[in-house]
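Here is a set of exercises to work through with the model open beside you. Try each task before reading its solution.

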Amino acid sequence: MIYAIFIFNNKGNPRLTKFYTPIEESDQQRLLGEIYYSVSNRTAASCNFLESSLIAGKNRIIYRQYATLYFVFVVDEGESELGILDLIQVFVEALDRCFNNVCELDLVFKFQEIHAILAEIVSGGLVLETNLNEIVAASKSQMPKSKRSGGLNIGTTLSSFATRF
Amino acid sequence: MDSKRILVIGKSKSGKVTFVKALTGTLPSGLNLTSNETSHAGLSHEYTLKNKYFQKEVGLWIDEYTNLEETLEAYASEDAKEVINAIGAIIYTFRSYEPQEWSLWNTFSENLKNPIPIVGLHMDTSSMVVPPDSPYLEYVAFFQTGKNEFGEKLGLERVLEIFDCCEWDFDSNENVSEDFVLPGKDSSMSLDDSELNALVNQVKQLRGSDLDIQERKKQAISFINSLVDERFQESDLN
């Protein structure tokens, strides 16, 4: 199960927070701070998986950094780390396709669309869909027509995002 | 213009005006072009921040220092609180990297009540440095262009990206006095559960009692008097 999904920038400002398990608001703030502190202190050569006990006993923090944004999934021991790592890539590519070269401002001003895209991928802490084309098609059908992006070349979208390992 | 400002600060000849010219396309008014020795402290300029979501007129303040420690102490003092609250981002320009200055900026930023993005803008083209990582201070080499191997923008584009995500509006809550207490938040006016239960029980007893009407009226008046400060009388209802 996925307990929580976060996106925050390299200054620690949260751009998306989604919890799939009930947590007190004060604990949410503390959790975000601790995860940011753990993740931001890691070097580029460090592993993308962290063991933690921040939520509901033992769990894992799986993260990837794209430019100045950290995408963090907090999962239980039943989830595959490599699978979640791949899921983060699917989520980022879905954002990139829906927003045409997504940037941090899109996360700030289009948070409803971001949540709608995420809801196509994860629901109730469980992975719903991993096919990128299905996710993008479902998300775009929900977006207002005037704000839909045009057809995108996969090569140009991925070139705008590099991954750190 | 009622948005926060960008503070551009550095030593003399550290590239402050070069940055302002590159950012806005024009030089600040009041700049003395005939002399290279004139201090740039106190100059101001205007900049229009534009992106696909908003457009904002943001003012630029230029300041110059000879002793960074004293300058940062002044900015951190209580007298400068309003100035700090009016700043949305700080650009610290330098030609040669000095670890002590970098450390002073880190300490200054750590102690700020509301964090302000601070960019250490290296204006020298001939050398690159790798300062220690800091959550408060970001190093940007001004003359770099394009993106690095991680897809991060470089140079002036990175500075613009930082500006896009800064808070430029004044938070209305910042001006609220800390001594202000909302009515009803005072604990002496709040009722805990036991007091509330006692009141409800009194009302129930009065309602269910077998007393005659005059006696019940007296008890009701005495009950109301216990709730209000003034002496309540039946004639007050008219």
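**Exercise 1. The central strands of chain A**

How many bridges join β4(A) to β5(A), and do they run parallel or antiparallel?

Solution. Before counting, a word on the model: it is predicted, with local features needing pLDDT of at least 70, side-chain atom pairs counting only at pLDDT 80 or more, and totals for chains, interfaces and linings using all residues. Residues are numbered from 1 along each chain as its sequence is written, chains are lettered from A and ligands numbered from 1 in the order in which they are written, and side-chain values use heavy atoms, without hydrogens and water.

Step 1. Find the strands: helices (H or I, at least four residues) and strands (E, at least two) are DSSP runs, numbered from the N terminus. Two strands pair if DSSP finds at least two bridges between them.

Step 2. Count: 7 bridges join β4(A) to β5(A), and the two run antiparallel. In this pair, Tyr63(A) stands opposite Val72(A) in β5(A).

Step 3. Look at the turn. The hairpin of β4(A) and β5(A) has 2 residues between the strands, and Ala67(A) in the turn has a positive phi of about 55°.

Step 4. Turn to the other neighbour. β3(A) and β4(A) are antiparallel too, paired over 4 bridges, with Ile62(A) in β4(A) as the bridge partner of Phe49(A). Their hairpin has 6 residues between the strands, and there Ala56(A) has a positive phi of about 45°.

**Exercise 2. The whole sheet and its helices**

Place these strands in their sheet, then find the helices lying across it.

Solution. Step 1. The open sheet has 5 strands in the order β2-β1-β5-β4-β3 (chain A), with antiparallel pairing. Its edge strands, β2 (14-19) and β3 (49-52) of chain A, each pair on one side only. Neighbouring strands are turned by 15° against each other on average, direction ignored; axes are lines fitted to C-alpha atoms, for helices over the stretch in contact, and angles run from 0 to 180 degrees between N-to-C directions.

Step 2. Helix α1 (residues 25-40) of chain A lies across β1, β2, β3, β4 and β5 of chain A, at about 65° to β1(A). Helix α2 (residues 81-99) of chain A lies across β1, β3, β4 and β5 of chain A, and its angle to β4(A) is about 40°.

**Exercise 3. Burial and the core**

Is β4(A) enclosed or open?

Solution. Step 1. Use the cut-offs: buried means under 20% relative accessible area, exposed over 50%, and partly exposed in between (1.4 Å probe, protein chains only).

Step 2. 8 of the 8 residues of β4(A) are buried, so the strand is largely enclosed by the rest of the structure. Asn59(A), Ile61(A), Tyr63(A) and Gln65(A) point one way, while Arg60(A), Ile62(A), Arg64(A) and Tyr66(A) point the other way.

Step 3. Now the nonpolar core, a set of buried Ala, Val, Leu, Ile, Met, Phe, Trp, Tyr and Cys residues joined through side-chain atoms within 4.5 Å. The largest has 33 residues, of which Ile2(A), Phe71(A), Phe91(A), Leu95(A) and Ile117(A) touch the most other members. α2(A) gives the most to this core, with 11 residues.

Step 4. Zoom in on Ile117(A), taking contact as heavy atoms within 4.5 Å. Not counting residues up to four places away in sequence, Ile117(A) touches residues including Phe91(A), Leu95(A), Ile135(A) and Met143(A).

**Exercise 4. Where the chains meet**

How many residues of chain B are in contact with chain A?

Solution. Step 1. 14 residues of chain B are in contact with 17 residues of chain A.

Step 2. Buried area is the accessible area (1.4 Å probe) that two parts lose on being put together, summed over both. Here it is about 1400 Å², of which carbon and sulfur atoms give 58%. In chain B, Tyr53(B), Phe150(B) and Cys165(B) lose the most area to chain A, together 42% of what that side buries.

**Exercise 5. Unusual backbone angles**

Find Asn101(A) and Lys13(B), and check their phi.

Solution. Step 1. Most residues other than glycine have a negative phi.

Step 2. Asn101(A) has a positive phi of about 70°. Asn101(A) sits in the loop between α2 and α3 (104-109) of chain A and is partly exposed, with a relative accessible area of 40%.

Step 3. For Lys13(B), phi is positive at about 60°. Lys13(B) lies in the loop between β1 and α1 (16-24) of chain B and is partly exposed at 48% relative accessibility.
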